[in-house]
Amino acid sequence: MAIDAKMIKELREKTGMGITQCKKALEECSGDMEQAEMNLRKQGLDKAAKKADRPTGQGVVAISHQGDKAAMIELACEQEPTTNNERFIALVQLGLETALKEKVKSADDLVKASTPDGTYADSIKAVIGVVGENVQLKKAVTMDAPAGGLIGYYAHFNRKAGSMVSIKLENVDASNDTVKTAANDIAMHAVAARPLGWRREDIDPTIIAKEKEVMMEEVKTKPEAIQEKILDGKMAKFYGDKVLTEQIFVKDPDGKATVKSMLDAVAKAAGGKAEIVDFARFELGL
């Protein structure tokens with residue numbers, strides 16, 4: 001059977017493979033489109049298996065927001081130009097859509113979630129076969145706003161970091177533009193300030209233990225009667241640097257208002273109260 005340009009174009013659209021690969025696959029199957037597609041997909045799986053151990057130093061962090069819910073994923077690849085490949089971009093979008101639909105809480109949840117290719121893991125393998133390099137889902141999370149609340153979100157322009165915050169509102173309309181701006185500003189702040197959690201209890205106890213160990217070493221030469229007071233002061237500074245609500249808000253012109261006090265003031269001006277109840281921050285490679 002003669003293999004024409006129309007057949008090659010159709011197979012390329014289905015698989016994303018190159019012209020030469022599609023032509024060869026069709027010739028080997030005597031023009032059987034379905035079999036040629038299957039063979040190319042198998043080749044893609046073989047490529048994925050061979051590239052699975054290769055380092056992924058590039059990629060994107062992306063966010064999708066729909067009403068009272070949002071999703072964020074970190075999808076990694078080997079080279080920066082791949083992040084602009086149309087199949088890679090489509091894979092990011094598919095990941096966000098699937099995450100929102102399935103309300104995933106982790107990358108493990110998302111790779112197992114159903115997609116037109118079977119699972120999202122299968123969709124990743126298909127893209128590996130096209131781009132020719134390792135692609136890995138590193139992180140994924142979805143977030144729901146409390147009843148009557150809202151989600152603030154921000155993805156940095158370089159696509160390497162993003163953040164989401166869920167905010168509970170009391171006697172404040174979630175459609176209030178000032179409140180919505182404040183929520184998004186908090187997410188932007190989190191990308192810049194790199195908090196380890198939105199409250200003290202969310203910070204890894206191992207990190208806190210190590211900090212205290214270093215501080216104890218620093219204060220041991222001080223009089224025993226004041227060591228505990230000095231240690232408390234050092235820990236307060238640590239929390240002020242690492243806890244989202246206690247950090248100095250990056251957009252405060254006076255450099256004095258914390259994230260919490262800024263949000264409190266905005267909510268009060270709107271006639272009610274606001275409180276951060278959930279938080280997530282992704283940064284490529286971290």
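His189 is found in helix 7, where helices (H or I, at least four residues) and strands (E, at least two) are DSSP runs numbered from the N terminus. At 0% relative accessibility, His189 counts as buried; buried means under 20% relative accessible area, exposed over 50% and partly exposed in between, with a 1.4 Å probe and protein chains only. Not counting residues up to four places away in sequence, His189 touches Arg194, Leu244, Gln247, Ile248, Phe249, Val250 and Val259, a contact being heavy atoms within 4.5 Å. Bear in mind that this is a predicted model, in which local features need pLDDT of at least 70 and side-chain atom pairs count only at pLDDT 80 or more, while totals for chains, interfaces and linings use all residues. Residues are numbered from 1 along each chain as its sequence is written, and side-chain values use heavy atoms, with hydrogens and water left out.

One of those partners, Arg194, deserves a look of its own. Arg194 lies in the loop between helix 7 (177–193) and helix 8 (205–219). Its phi is near 55°, a positive value in a residue other than glycine. Arg194 counts as partly exposed because its relative accessibility is 47%.

From here, turn to the sheet beside helix 7. Three strands make an open sheet in the order 6-7-8, with antiparallel pairing; two strands pair if DSSP finds at least two bridges between them. Strand 6 and strand 8 (273–283) stand at the edges with a single partner strand each, so one side of each has no neighbour in the sheet. On average, neighbouring strands here are turned by 15° against each other, direction ignored. Helix 7 packs on this sheet, touching strand 6, strand 7 and strand 8, and its direction makes about 45° with that of strand 6. Such axes are lines fitted to C-alpha atoms, for helices over the stretch in contact, and angles run from 0 to 180 degrees between N-to-C directions. Helix 10 (residues 259–269) packs on the sheet too, touching strand 7 and strand 8, with its direction at about 135° to that of strand 8.

Within this sheet, strand 6 (residues 150–155) and strand 7 (residues 161–170) pair in the antiparallel sense over six bridges. You can follow the register by eye: Gly152 has Val165 in strand 7 as its bridge partner, and Ala155 stands opposite Gly162 in strand 7. The two strands form a hairpin with five residues between them, and Arg159 in the turn has a positive phi of about 65°.

Now move to the other three-stranded sheet. This open sheet has the order 1-2-5, and its pairing is antiparallel. Strand 1 (58–66) and strand 5 (136–144) are the edge strands, each pairing on one side only. Neighbouring strands of this sheet are turned by 10° against each other on average, direction ignored. Strand 1 pairs with strand 2 (residues 69–77) in the antiparallel sense over nine bridges, and Gln66 stands opposite Lys69 in strand 2. Helix 4 (residues 86–102) lies across strand 1, strand 2 and strand 5, running at about 145° to strand 2. In the loop between helix 4 and helix 5 you will find Lys103, whose phi is near 55°, a positive value in a residue other than glycine.

What fills the interior? In soluble globular proteins, nonpolar side chains tend to be buried together. The largest nonpolar core has 25 residues, and those with the most contacts inside it are Ile73, Leu75, Val92, Leu110, Tyr120, Val135 and Leu137. A nonpolar core is a set of buried Ala, Val, Leu, Ile, Met, Phe, Trp, Tyr and Cys residues joined through side-chain atoms within 4.5 Å. Strand 1, strand 2, helix 4, helix 5 (107–112), helix 6 (120–131) and strand 5 each give two or more residues to this core, and the largest share, seven residues, comes from helix 4. A second, separate core of 21 residues includes Val172, Val179, Trp198 and Ala267.

Finally, visit helix 9 (residues 224–242), which holds Leu231. Leu231 is buried because its relative accessible area is 15%. Leaving aside neighbours within four places in sequence, Leu231 is in contact with Met215 and Met216. Leu231 and Lys212 are 19 residues apart in sequence and 7.9 Å apart in space, C-alpha to C-alpha.
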